[in-house]
Amino acid sequence: MISEAGKIRWMVRDKSRAPADNGWQILSDIDTSSYLNYPANWQIVDFNEVCMIEPALIGIWNLPVGSDLELRRDDAGIHIIDSKTGHEIPRDKLYIPPMPGHSRGSRAS
């Protein structure tokens, strides 16, 4: 179970280590180096569970291995920042899941 003591802040994608592993490591604003140095403090969780806490993470789902991101919040909303460049990831590069009951190319009548 995720404690939700801190707010999600950093996301790094490594290569998958198992078929069910998408490679994302997600850290909060209160995770310190000394805390993370203890393997017992790391937890494997379902990506959907993390997205229920922070829906903005849905958009990072298909970003490539090597992605190093920061989630920033301000008066304008939530921004996904590429930590290497400092630039915001454009919304058209983020994953948008299909809507249940809707197929691509269909229109409402």
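This passage walks through the strands, the nonpolar core and the salt bridges of one protein chain. The model is a predicted one, so everything below describes computed coordinates.

A good place to start is with the strands. Strand E1 covers residues 8-13, and it pairs with two other strands. One of them is E2, residues 24-28, which runs antiparallel to E1 over five bridges. Within that pairing, Val 12 has Gln 25 of E2 as its bridge partner. The other is E3, residues 68-74, where the pairing with E1 is again antiparallel and takes in three bridges. Here Met 11 stands opposite Leu 69 of E3.

Those two residues turn up again in the core. The largest nonpolar core holds 14 residues, and the members touching the most others are Met 11, Trp 24, Leu 57, Ile 60, Leu 69 and Ile 80. At least two core residues come from each of strand E1, helix H2 (47-53) and strand E3. H2 gives the largest share, with three residues.

Trp 24 is worth a look of its own. Setting aside neighbours within four places in sequence, Trp 24 is in contact with Met 11, Val 12 and Arg 13, and also with Phe 47, Ile 60, Trp 61, Leu 63, Ser 67 and Leu 69. Three of the names on that list, Met 11, Ile 60 and Leu 69, also belong to the core members that touch the most others.

Turning to charged side chains, the model has three salt bridges. One joins Arg 9 to Glu 70, with the closest N and O atoms 2.5 Å apart. This pair links distant parts of the chain, as Arg 9 sits in E1 and Glu 70 in E3, 61 residues apart. The two partners differ in how much of them can be reached: Glu 70 is buried because its relative accessible area is 11%, under the 20% limit, while Arg 9 is partly exposed at 28%.

Glu 70 also meets Arg 72 in a salt bridge, at 3.4 Å from N to O. Arg 72 is partly exposed, with a relative accessible area of 38%. Through shared partners, Arg 9, Glu 70 and Arg 72 are joined into one network.

The remaining pair is Glu 54 with Arg 73, where the closest N and O atoms lie 3.1 Å apart. Glu 54 belongs to the loop between H2 and E3 and Arg 73 to E3 itself, so this salt bridge ties together parts 19 residues apart in sequence. Once more the acidic partner is the buried one: Glu 54 has a relative accessibility of 9%, whereas Arg 73 is partly exposed at 36%.

Last comes a glycine further along the chain. Gly 86 lies in the segment after strand E4, which spans residues 77-82. With a relative accessibility of 40%, Gly 86 counts as partly exposed, because that value falls between the 20% and 50% limits. Its C-alpha atom is 9.0 Å from that of Glu 70, and the two residues are 16 apart along the chain. Glu 70 is the residue already met in the salt bridges with Arg 9 and Arg 72.

How values were computed. Residues are numbered from 1 along each chain as its sequence is written. This is a predicted model: local features need pLDDT of at least 70, side-chain atom pairs count only at pLDDT 80 or more; totals for chains, interfaces and linings use all residues. Side-chain values use heavy atoms; hydrogens and water are left out. A nonpolar core is a set of buried Ala, Val, Leu, Ile, Met, Phe, Trp, Tyr and Cys residues joined through side-chain atoms within 4.5 Å. Buried means under 20% relative accessible area, exposed over 50%, partly exposed in between (1.4 Å probe, protein chains only). Helices (H or I, at least four residues) and strands (E, at least two) are DSSP runs, numbered from the N terminus. Contact means heavy atoms within 4.5 Å. Two strands pair if DSSP finds at least two bridges between them. A salt bridge is a side-chain nitrogen of Lys or Arg within 4 Å of a carboxyl oxygen of Asp or Glu.
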